[in-house]
Number of protein chains: 2
Amino acid sequence: MQDTIQIIPIKQIKEIRQGDNLSHIIAESLQQQQLSFENNDILVVTQKIVSKAEGRIVDLATVTPSSFAKHIAKNHKKDPRHIEIILQETKRIVRMDHGVIISETHHGFICANAGVDESNIGNNHTVSLLPQDPDASAEHIRSGLKKITGKQLAVVISDTWGRPWREGQVNFAIGSSGLEVLQDYRGEKDPYGYDLQVSLIAIADELAAAAELVMGKTKKIPAAIIRGYSYSPSSTKAKKLIRDAKTDLFR
Amino acid sequence: MQDTIQIIPIKQIKEIRQGDNLSHIIAESLQQQQLSFENNDILVVTQKIVSKAEGRIVDLATVTPSSFAKHIAKNHKKDPRHIEIILQETKRIVRMDHGVIISETHHGFICANAGVDESNIGNNHTVSLLPQDPDASAEHIRSGLKKITGKQLAVVISDTWGRPWREGQVNFAIGSSGLEVLQDYRGEKDPYGYDLQVSLIAIADELAAAAELVMGKTKKIPAAIIRGYSYSPSSTKAKKLIRDAKTDLFR
C-alpha cells in the first residue's frame, strides 16, 4: 500500500546556459543540500532549464516576422517577432481569440503560444521554445544521473499550462523517462468488488503538478524530487499522454 | 522558501454511510495510524465519501427515465435511469459524442456525466452525485476538525476528471475551505527581474492531483494530508476555479 510521499525542492541550481550538463548540475545542487538521490526517486525538471541547456532560445533580433505575424501581433499587442516564433512552433492553430493563441505544437501538445515563453530568460529580447523532443531530454537526464549517482531514477519534464473551463495554470508532463505515465485501473475491481469503469490515471501529469507546489514561479527552484511514490518502471513516454484526435471532442 | 512537502495517506477509513460525521471518522482513522493533525495541514478528501455522507446517492429503482434519456441510453449502451440522473444534474450539455456526455453541472463544473458515478458504491443499482455545494462541504469538514483537534486546517474536496487533448484523468478541486485556491504571481518579478506575464497557479487543483498519488483507485484511501505546504489562508472557494464563460475559448 502506498505510504507517505515526499516532494523535495532542489535549491540553488545556478542559471543554466546552452551546453550545460543538467544531470551534473542537478546532482551537485542536491549534494549542496546534504541530500542524495535514492533508487526509484522521480526527478521533475521544468521545461525552462531544459530548453536553456539545449539552446532552445531565440534572440528576437535575428527574427524577421511574416506579414501574417505582423497582422496578428497588431491585434494581440505583441512583438511581431515573438508571434513569428509562435507560428513557427505551431502545427495547427486550435483557437485564436481574446488575445490568446492556442496552438497544437509539432509534438502534438495543445497549449498557449505553442509553449513559446518570454519570461525567466536572462535577456528581455529572447524567447524560449519547448525542447525539440522532451522525452529524449528526459531520457538524457536520467541516463546522465544514472552514470553519476548509480541510482535507478525516473525523470519527468514539466511545463505550466492553462486549461479549458478552469482558471489558473498547473504543471503538465511534456517529457518522461523511466515510469509508466498512465496507470490503468481498468479491469481491476474497486474495494467493493465492482469493475472500475473509467480509471486511467495520468500519473506523470499528477507528478508534475505535485512538484510545482515546491517550485513556485518566483522561487528559482526548477527541479524537485518526488520520493516514496511506488510506480511501474516502463519505457513509455509522455507522448502517450497526447489524446488521439479521433477520441478528442475538443479539437 | 518552500521546503519539503509530505503527502500522507489516511488509511483504514471505514465505509461511509449517509449521516456519518466525516470529520470525526477522519480524525479517528488518523489516530489509528499514530498520527495527528498539525496546524496548516491541508486535508484532501475525495468527493465519493463526501457524497455518501451527505446522502447524495440515488437508488436507480426509484428513477423513471424520460424519453430523451431512453434515447441517449440506447445510443450510449447505458442504463436509461443512469442517463436520466446525469441529465438532471446537467445545466448544459457541452459535447455528446463517442459515447461520452460532457456536461456543465448546476455548479458550473464541466466534466463527464455531470460527475454522476456508478463505481465504488456498495450496491450496483445506485449512482452517486456530486455534493450539492462542495465548498460548503469542505467548510463543514474543516470546522468539524477544528472543534475535534483544535488545529487550523484547510480542506480540499477532489474529483477525478478527464481533460481535453490529454489521455487519462487527474484529480481536480471541486470544493475548498481555508486556503487561497489561486496563487497570483502576476505583477511580481521573476528571479531575473522581469515581470511574470501569465502566472496564476491553480494551487487547489495541484493539491488535489498530488493527493491522488497516495490514494489510487483501488486502495480504499479516500483522504490524504498535505503537510508542509506554505499557503495563504483565505476564505476563497473552489468555485473561483471555474473559468468565466466570457474568457473561455472551449465552451
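**Helix crossings, sheets and domain contact**

In chain A, helix 3 and helix 4 are oblique to each other. The model is a predicted one. The axes of helix 3 (residues 67-76) of chain A and helix 4 (residues 80-88) of chain A come within 8 Å. They cross at roughly 120°. This angle lies outside the perpendicular range of 65 to 115 degrees and is not over 145, so the pair of helix 3 and helix 4 of chain A counts as oblique. The crossing of helix 3 of chain A with helix 4 of chain A is right-handed. On the side of helix 3 of chain A, the contact is formed by A:Phe68, A:Ala69, A:Lys70, A:Ile72, A:Ala73 and A:His76. Helix 4 of chain A contributes A:Pro80, A:Ile83, A:Glu84 and A:Leu87. By class, the residues of this contact are seven nonpolar, one polar and two charged.

Strands 4, 5 and 6 of chain A form an open sheet. Their order is 4-5-6, and the pairing is antiparallel. The edges are strand 4 (90-97) of chain A and strand 6 (110-112) of chain A. Each edge strand pairs on one side only. From one strand to the next, the twist averages 25°. Strand 4 of chain A and strand 5 (residues 100-105) of chain A are antiparallel and are joined by six bridges. Within this part of the sheet, A:Thr90 faces A:Thr105 of strand 5 of chain A.

Chain A is divided into domain 1 (6-56 + 131-243) and domain 2 (57-128). Taken over C-alpha atoms, the centres of domain 1 of chain A and domain 2 of chain A are separated by 25 Å. Contact between the domains involves eleven residues of domain 1 of chain A and nine residues of domain 2 of chain A. On the domain 1 side of this contact in chain A, helix 2 (47-53) and strand 8 (154-163) each supply at least two residues. That side of domain 1 of chain A has three nonpolar, three polar and five charged residues.

A further helix pair occurs in chain B. The axes of helix 1 (residues 22-32) of chain B and helix 5 (residues 134-149) of chain B come within 8 Å and cross at roughly 55°. At that angle, helix 1 of chain B and helix 5 of chain B are therefore oblique. Helix 1 of chain B passes helix 5 of chain B with right-handed geometry. Helix 1 of chain B makes the contact through B:Leu22, B:Ser23, B:His24 and B:Ala27. From helix 5 of chain B come B:Ile141, B:Gly144, B:Leu145, B:Ile148 and B:Thr149. The contact of helix 1 of chain B with helix 5 of chain B has five nonpolar and four polar residues, with no charged residues.

Helix 6 of chain A (residues 203-215) and helix 6 of chain B (residues 203-215) cross at roughly 120°. Their axes come within 8 Å. Helix 6 of chain A and helix 6 of chain B are thus oblique to each other. Their crossing is left-handed. From helix 6 of chain A, A:Glu206, A:Ala209, A:Ala210, A:Glu212 and A:Leu213 take part in the contact. They meet B:Glu206, B:Ala209, B:Ala210, B:Glu212 and B:Leu213 of helix 6 of chain B. By class, this contact has six nonpolar, no polar and four charged residues.

In chain B, three strands form an open antiparallel sheet in the order 4-5-6. Strand 4 and strand 6 of chain B each have a single partner strand, so one side of each lacks a neighbour in the sheet. The twist averages 25° from one strand to the next. Strand 4 (residues 90-97) of chain B runs antiparallel to strand 5 (residues 100-105) of chain B, with six bridges between them. B:Asp97 stands opposite B:Val100 of strand 5 of chain B. These two strands of chain B form a hairpin with two residues between them. In its turn, B:His98 has a positive phi of about 50°.

Strand 5 of chain B is also joined to strand 6 (residues 110-112) of chain B, by three bridges in an antiparallel arrangement. B:Ile102 has B:Ala112 as its bridge partner in strand 6 of chain B. B:Ser103 stands opposite B:Cys111 in strand 6 of chain B. Strand 5 and strand 6 of chain B form a hairpin with four residues between them. B:Gly108 in that turn has a positive phi of about 105°.

Conventions
Residues are numbered from 1 along each chain as its sequence is written. Chains are lettered from A and ligands numbered from 1 in the order in which they are written. This is a predicted model: local features need pLDDT of at least 70, side-chain atom pairs count only at pLDDT 80 or more; totals for chains, interfaces and linings use all residues. Axes are lines fitted to C-alpha atoms, for helices over the stretch in contact, and angles run from 0 to 180 degrees between N-to-C directions. Angles under 35 degrees count as roughly parallel, over 145 as roughly antiparallel, 65 to 115 as roughly perpendicular and the rest as oblique. A crossing is left-handed if the near helix is turned anticlockwise from the far one by less than a right angle, and right-handed if clockwise. Two residues are in contact if their C-beta atoms, placed from the backbone, lie within 7 Å. Ala, Val, Leu, Ile, Met, Phe, Trp, Tyr, Cys and Pro count as nonpolar, Asp, Glu, Lys and Arg as charged, and the others, Gly among them, as polar. Two strands pair if DSSP finds at least two bridges between them. Domain bounds come from an automatic or database domain assignment.
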